[in-house]
There are 2 protein chains.
Amino acid sequence: MNLPGPTAEAADATRDTAGGAPALRRIRARTTASMADVARLAGVSSQTVSRVSNGYAGVTEETRRQVLAAMKELGYRPNSAARALKRGEFRTIGVITFTLSTTGNVRTLEAIANSAAREGYAVTLLPVAVPTQDEVQGAFSRLEELAVDAVIVIMEVHLLDAATVTLPPHVQLVVADSDAGNHYTVVDTDQAGGTRAAVRHLLDLGHRTVWHLGGPEESFAAQRRTDAWRAALLEAGRVPPPLVRGDWSAESGYRAGLELAARDECTAVFAANDQMALGLLRALHEHGRRVPEDVSVIGFDDIPEASSFLPPLTTVHQDFAEVGRLCVQAVLSKMRRGGPERGTTLVPTRLVPRASTAPPPGSA
Amino acid sequence: MNLPGPTAEAADATRDTAGGAPALRRIRARTTASMADVARLAGVSSQTVSRVSNGYAGVTEETRRQVLAAMKELGYRPNSAARALKRGEFRTIGVITFTLSTTGNVRTLEAIANSAAREGYAVTLLPVAVPTQDEVQGAFSRLEELAVDAVIVIMEVHLLDAATVTLPPHVQLVVADSDAGNHYTVVDTDQAGGTRAAVRHLLDLGHRTVWHLGGPEESFAAQRRTDAWRAALLEAGRVPPPLVRGDWSAESGYRAGLELAARDECTAVFAANDQMALGLLRALHEHGRRVPEDVSVIGFDDIPEASSFLPPLTTVHQDFAEVGRLCVQAVLSKMRRGGPERGTTLVPTRLVPRASTAPPPGSA
DNA sequence: GCACTGGATGTTTACGCAAACATCAGCCAT
DNA sequence: ATGGCTGATGTTTGCGTAAACATCCAGTGC
């Protein structure tokens, strides 16, 4: 049985030419201990170390203790590259996402990371700098030589559609927060349901119709909210007013809001997200239109700050955490079953009434 | 030279016992092509494939083309586990972070991911559910068997201090956004400078003194902003008013704001972040105290929404992107040099004057 | 013509782990 | 006692890659 310290060094010395640079040998001796080193110290075979390391049965308590002691002594850590090579899996999920500047993406990512961690999976981030075909394509090809078993995409998927998405074999794909027809497995928020609830809420308060501050054209989520808004109005026999668009940012909400504020007939606005609602509130305020007395405003997302807006914002709560959780669950179940399992899972939303909505003026 | 399709299958057939299950063989044939497969198809040795794959010199243009064609035909992708095993590095950086619900952490993370990607490194996320010793410890031990070459911690580091941080050998550590004495390499925002600029700005406008809505006690960042606020006042010969605390959230800012709004002598408040400033604005508004006519408010962070607050918020801009970039740079340079390189790098801040600050009332 | 050079390519080997198989001791039933 | 069985452990092997070393061949200089 070898002594603890010199183990690795001795092994190295064998390889070194006699009288080789001692400094080098010093460095190499510091290399992580391998299973073989542990085995030698514990006086067992490396296979037994492997069994202990993986918690397999069939090892005497006595032996196990010895091996564990040797591991501790040498500071042994299994080499994940070797393990992955042998097992053919990395226990890692790649997440492709465009920007982290929207609350939704971040919250979803966080939930994915937490759920994955709970399942023993790590999460590797693949940022896409610019949401263009080329960049998405690039992310996927970087991914191809990356150590992942599965991929979750948090992104508008029309960029995905045209991209010839060639995944390495056995790598599963799930798309979050997007409507990708049924080419992929999708986990999404019930955009339509949330929108309908928002529009109904305003109509129920007595508003004639509801204006819409929509998100950017290229966003599917925005598209669906806009479609659902129009449908809900038509369903109620109301005339949808002209659409006003922003780009999700508060600043764009402000600019769009200046337009809306100028129209006296506008008494209720459904903003496609809370940030734009914030900008809208500011524009209305600057134009002397009171919220909710003159104009009702409703948002979408329920970001934590929404309750501190002036006035506190009525909005549609999205359960990003649930979306993330379901993404991980879906991707893992695909991995386990190996099947493609197309289809969409919808996560419900919830209307959160606060102080920014009220009956229209003159409806006393 | 073998034909394209059957290559892998043939190799498998050799291993299979004659007449073995064809279904199984089918599946195994779908396995990713290896270098050997490519080599066989291209009619070269696998070492030549390796050379092409890694862009090494010493391969004829003719041969290279053939190899590339074979790779394409087989859909070859280098196996990153095998590569990592051989090279002893993963080209991956682990990021340990507590919550992703603060703008700063997220923006820093995003910058880290982007910078890392540019250097050919991937980023693996290690969320810490609760900021306790145990959890941090847990993240580090999970990390120990994770495939990373370096670690960046975005977290209040007092949790790190006591934790016996045992990293695998050769794994480098850099801490972002924290003040960790000089135990570690730290990249941080110039909290003190930003705070001083904020306080000066208010004093220059004519305010007697500046109140402070501080962050939570357990945060070093908050601690330093509070210290710097007090120091800046004392330096100017003013008396620091009692400290009011929040927990970074808008809601806590609102609650604390109710206190401040009740005090007529309070004409200027420095909030430790923009979210709390938002809550403060709401509290002041509800108490009929106008901003900036009656009370000036200044924030910290410059979140994108700050320009859309009511009124648009004067604040201290933090360059999170730069912090992230420098973290990656620091960690890579440590890896390359191998040295410990303790010390702190400070990233400057910038005051962004908007509409929430003005001279105190009665100073016409 | 011959030894020599250097570039292109092939061959061998080890990285660390774990599956598959081999061994071996102890024990039970016949 | 003998064969078979079970549980603990050891041995062999191969995963895909790339470093190190070996080989081969076309020139070059003499």
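The paragraphs below lead from the contact between the two protein chains to the two DNA strands and then to a sheet in chain B.

This is a predicted model, in which local features need pLDDT of at least 70, side-chain atom pairs count only at pLDDT 80 or more, and totals for chains, interfaces and linings use all residues. Residues are numbered from 1 along each chain as its sequence is written, chains are lettered from A and ligands numbered from 1 in the order in which they are written, and side-chain values use heavy atoms, with hydrogens and water left out.

The protein–protein interface is considered to begin with. Contact here denotes heavy atoms within 4.5 Å, and 48 residues of chain B are in contact with 48 residues of chain A. The size of an interface is often given as the accessible area lost when the parts come together. Chain B and chain A bury about 4200 Å² between them, with 64% of it on carbon and sulfur atoms; buried area is the accessible area (1.4 Å probe) that two parts lose on being put together, summed over both. Helices (H or I, at least four residues) and strands (E, at least two) are DSSP runs, numbered from the N terminus. On the side of chain B that touches chain A, two or more residues are given by each of H6, helix H7 (103-118), strand E2 (122-127), helix H8 (133-144), helix H12 (250-261) and helix H13 (274-286) of chain B. This side of chain B divides into 25 nonpolar, 13 polar and 10 charged residues, where Ala, Val, Leu, Ile, Met, Phe, Trp, Tyr, Cys and Pro count as nonpolar, Asp, Glu, Lys and Arg as charged, and the others, Gly among them, as polar.

Between chain B and chain A there are zero salt bridges, a salt bridge being a side-chain nitrogen of Lys or Arg within 4 Å of a carboxyl oxygen of Asp or Glu. There are, however, 11 residue pairs in polar contact, both residues at pLDDT 80 or more. A polar contact is a pair of N or O atoms within 3.5 Å; within protein, one must be able to donate a hydrogen and the other to accept it, and residues adjacent in sequence count only if both atoms are side-chain atoms. The chains are also joined through strands: strand E2 (residues 122-127) of chain A and E2(B) run antiparallel and share three bridges. Within this pairing, A:Val123 has B:Leu125 as its bridge partner.

Attention now turns to DNA strand C. A residue is near a strand if one of its heavy atoms lies within 4 Å of it. Of the 26 residues around DNA strand C, those that come nearest are A:Met35, A:Tyr76, A:Arg83, B:Thr48 and B:Thr63. Helix H4 (46-53) and helix H6 (80-87) of chain A, together with helix H4 (46-53) and helix H6 (80-87) of chain B, each supply at least two residues of this surface, and H6(A) gives the most, with five residues. Sugar or phosphate accounts for 57% of the atoms of DNA strand C within 4 Å of the protein, and bases for the rest. At the phosphates, a polar side-chain atom of A:Ser50 lies 3.2 Å from an oxygen, and a backbone N or O atom of B:Thr60 lies 2.9 Å from a phosphate oxygen. At the bases, an N or O atom in the side chain of B:Arg51 is 2.9 Å from a nitrogen.

DNA strand D likewise has 26 residues around it, of which A:Thr63, A:Lys86, B:Met35, B:Gln47 and B:Tyr76 come nearest. The side chain of B:Gln47 has an N or O atom 2.7 Å from a base nitrogen of DNA strand D. Phosphate oxygens of this strand lie 3.5 Å from a side-chain N or O atom of B:Tyr56 and 2.8 Å from one of B:Arg83. H6(B) gives the most to the surface near DNA strand D, with five residues. That surface has nine nonpolar, 11 polar and six charged residues.

Finally, chain B contains an open sheet of six strands in the order E7-E6-E8-E9-E10-E12, with mixed pairing. Its edge strands are strand E7 (244-245) and E12 of chain B, each pairing on one side only; two strands pair if DSSP finds at least two bridges between them. Strand E9 (residues 296-301) and strand E10 (residues 314-317) of chain B are parallel, over four bridges, whereas E10(B) and strand E12 (residues 350-352) of chain B are antiparallel, over three. B:Thr315 is the bridge partner of B:Gly299 and is also paired with B:Val352 in E12(B).
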